[in-house]
Amino acid sequence: MKTFLLFLFFIFYSVSSAQDLKIKNNPYDNADEQTKSRKAFQRERWFYEQRMYPDNFIPKDAYKKAYEQREAMRVQKGYSMSNPFNTWTNIGPTTGFYFAYSNITSRMPTVKYDPNNPNVIYVGTAFGGVWKTTDEGVTWSSKSDFEVSLSSGSIAIDPSNTNIIYYGTGEATYSAASYYGRGLLKSTDGGNTWTNYTSGLESLSFFTRINIRPGHSNELLCALGNRSSLGVNGGLYRSTNGGVSWNLLASGRCDDVIFSPGGDTAYAIGSGTGYLISTNGGSSFSANGSITAGTRNHIAVAKSSPNILYYAKHSGSTITVFKSTNGGFNFSQIVTGQNFSGSQAWYDFYMHISPHDANLAFVGSVDAWRTTNGGATNFTNVTNGYGGGNVHVDQHNVDFHPTDPNKMVCVNDGGIWKSTDKGATWININNALTLTQFYRIASNPSNANQILGGTQDNGTQQTFGTLNWTAAFGGDGGEVCFHAVNNNYILGETQNNGVYRSSNGGSSFVSATSGLSGTGSWVGPLISHPDSAGIFYTARAQVFKTINWGATWTAISSGTSGTIREMGICKSSPNVMYATSGSSVYRSTNRGYTYANVTTGLPARTITSVYAHPDSALVAVITFSGFGSGKIYKTTNGGSSWFSISGNLPDSPANDALIYYPGVSTSTYFIAMDIGVFVSGDFGNTWFELSNGLPNTVAMHMDYHAATNKLRIGTHGRGVWEIQLDGIYNISVIPEGYMNTVLNKLNKKDTVRAYLRNVVSPYNIIDSANATIDSLTFTGHFVFANAPSGNYYISVRHRNSTETWSKSGGEPFTQSGFISYDFTASSSQAYGNNLKLTGSKYCIYSGDINQDDIIDASDLSETDNAALNSLSGYVRTDVTGDNIVDADDVSIVDNNAFNLISVIRP
């Protein structure tokens, strides 16, 4: 089903950009010219066009299917780095600092005080899940990093038991950056664990509001937004069993639903449902014609005066506010002519009343607007985000302290602020929150602590080793690049390739666009020449070169077509460069002056990265966004032909790739996708998820810091993470007796010890490691932290099998590399062909019970005795791994003892 025709949006800031993706019936092309010039439109167009190209839609349930494929991959293969010490570690921003707004994090659509303990506050973030504070914003902790959805719509807390939290997933801000959700998540332990409920709801969800009926904890109403292009109708839903299942009460987009303080009356409003009132606790609703719904609508009831309600609607570029004094049955417009700056209220909009004072009400749009006299006079702008205020623009929600009438919190595109004077002034409480949405990151090759990254709407952020990052310059950030020869010279950019440069190691940046012409991609390329001082490259419709560290630029290229989005250069042969535009790739062999099209054999999808092999001018890899085709392709002949190395990767958009090169060639590749980071140790034939610990958000861009062997990933919702790459050998080995030839799997997982030995006599052991051999993949991940890079024999030993050595000559090992060796593939994989074919796999001989390097009568005697007594459990005489020693075990040992099987060494 062709679905996900994307919504068009409006915001301030005028920009100009080039779009190189030609999509038939592209919904973005239907926008008016004023909308096309605006920053938010260009941002979302860049993000989603690459995922839907060449079609004008994203397939229905595409992200869900990719998630399910990843989950199955985890079950079947586990993680490549499965050692408990080899997990992702967050390195910030916790938080970022953005000029007058001070600490910033990211967009927050929903916020709730604990009604019984106001020190506890929950926030729902754009694509970073639920976060909780227990000290009113001094510290925060993430609560839902690994749930099915981190996209936030609405939070509700049961006042009778505040450990019960309802989290409606899917953000109904009607921006393309607003991901859909997967139903309701419910916690009964204060957010520590969650259960996903979807019964009765649509398969995709966009929650706008959840409300619990006062005095009836199991009765809930929720308002859900629509996405017609996804087949999502939205509606007003009711649950009578605490959210376990739901019934549809009214179909169509529903923007808001609230209960009266007594719980018998309920109100719902939406452009699809119209205005509805229930007088029986939400069991049923009737239409009320006193309100004509707008495009987006919100309603609020005064807890202290239940007959007073406020209704605010957005239509066109206007917000209009109405008030009822008879319990919501009739409304009259107030503050006629009030300008709420509502041109983008399709995106940032709310209406709320203080539970302590019916005259204290707030309308949220770009700023927060307040009345203290019930709307008798105009509302006042109390945040002034563009007028010297300290609160970030684009307001999404507020909540009020349950007992102190002076205290409240507001959430917006920059995070969360608190007021202690009813909204007159605001205090930033963005502490210990890690939610920044990155496009690109880069670390200083000579200083691992210095990292810069371009972010969505919060500038280019920088750290020198602390979790608290600081904006180096403003705008939407993009690519960042340290010069390889002199790391004090750094380039960054704002949207559409607005290049900035630093000559003092990032202490300051100045505009560096002299000589650049034309319009660039939303995120443009920036690369350094690997060995020539002063030379950087960037691109718009042409490749530009600077020989003076970015002070001035000159257009140099011919042979390309369209806006250049990605570039790559070969470190060992810098004459060889790549440039990509849309789904086309171009190669230069003369330092970027002329290019030839080398696209033959590649899919019609958006190219998101190109990576030239550091020591081979003929080898490169390219990643693709979108769905339904290969995610990573490789050439070994300079682009004359390409072939997919996507293997078993999930069908998820790929955003970046990296050929692992710690000074020597390896067989290891990394890829960053919308659903995680994956690694291959065999040139892309087989992929594993890299490691545990990365939240379930978009992995956008990788950086490898060679001096410290650290891999960093910039995510689009949970900041930057890193992992220390230890030396890992993915070794496939099967103990003979464990092989179940009927099911083609092991009878159970078990531990094997592997050794790295010198390749010259006396073949000393250099390092050893234990690993569990997976019963389906026959592979264990052996971490050799102490062996230097070199050539070694691999030997493996199981508790009841003979020690078996790798084939003659030894095998390469790279410290911090990911390398694979497969004893199961053929008899020649063992020294002296010391393997036995069992079914379709070659296995190491079982039966060396006493580990004396030969299977003989002593092993048989021990096994026979254990079998006679029907010994059970995890014992070395259980040769078959079925947890009992019996005739099957004796038979294997007897056969191998008869042939006097022994270790064969060099």
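## Chat on a predicted model

A: W553 is buried, at a relative accessible area of 4%. Buried means under 20% relative accessible area, exposed over 50%, and partly exposed in between (1.4 Å probe, protein chains only).

Q: Where is W553 found?

A: W553 is in the loop between β43 (543-546) and β44 (554-555). Strands are DSSP runs of E, at least two residues; helices are runs of H or I, at least four; both are numbered from the N terminus.

Q: What lies 2.9 Å from a polar atom of the W553 side chain?

A: The backbone oxygen of A512. A polar contact is a pair of N or O atoms within 3.5 Å; within protein, one must be able to donate a hydrogen and the other to accept it, and residues adjacent in sequence count only if both atoms are side-chain atoms.

Q: Ground rules for the model?

A: It is predicted: local features need pLDDT of at least 70, side-chain atom pairs count only at pLDDT 80 or more, and totals for chains, interfaces and linings use all residues. Residues are numbered from 1 along each chain as its sequence is written, and side-chain values use heavy atoms, with hydrogens and water left out.

Q: Whole fold now. How many helices and strands does the protein have?

A: Five helices and 71 strands. The radius of gyration is 31 Å, close to the 29 Å that the globule rule gives for 906 residues, so the protein is as compact as a globular protein of that length. That radius is taken over C-alpha atoms; the rule is 2.2 Å times the number of residues to the power 0.38.

Q: What does the C-alpha trace span along its principal axes?

A: About 100 × 75 × 45 Å. Buried residues make up 64% of the 906.

Q: Backbone oddities next. Which residues does a cis peptide bond join, with omega about 10°?

A: Y53 and P54. P54 lies in the loop between α2 (39-52) and α3 (62-77). The bond from S761 to P762 is also cis, with omega near 10°. P762 sits in the loop between β63 (750-757) and β64 (765-773).

Q: And phi?

A: Most residues other than glycine have a negative phi, and most peptide bonds are trans. S102 is not a glycine, yet has a positive phi of about 65°. E136, not a glycine either, has a positive phi of about 55°.

Q: Is E136 buried or exposed?

A: E136 is buried, with a relative accessible area of 10%. S102 counts as partly exposed, at 24%.
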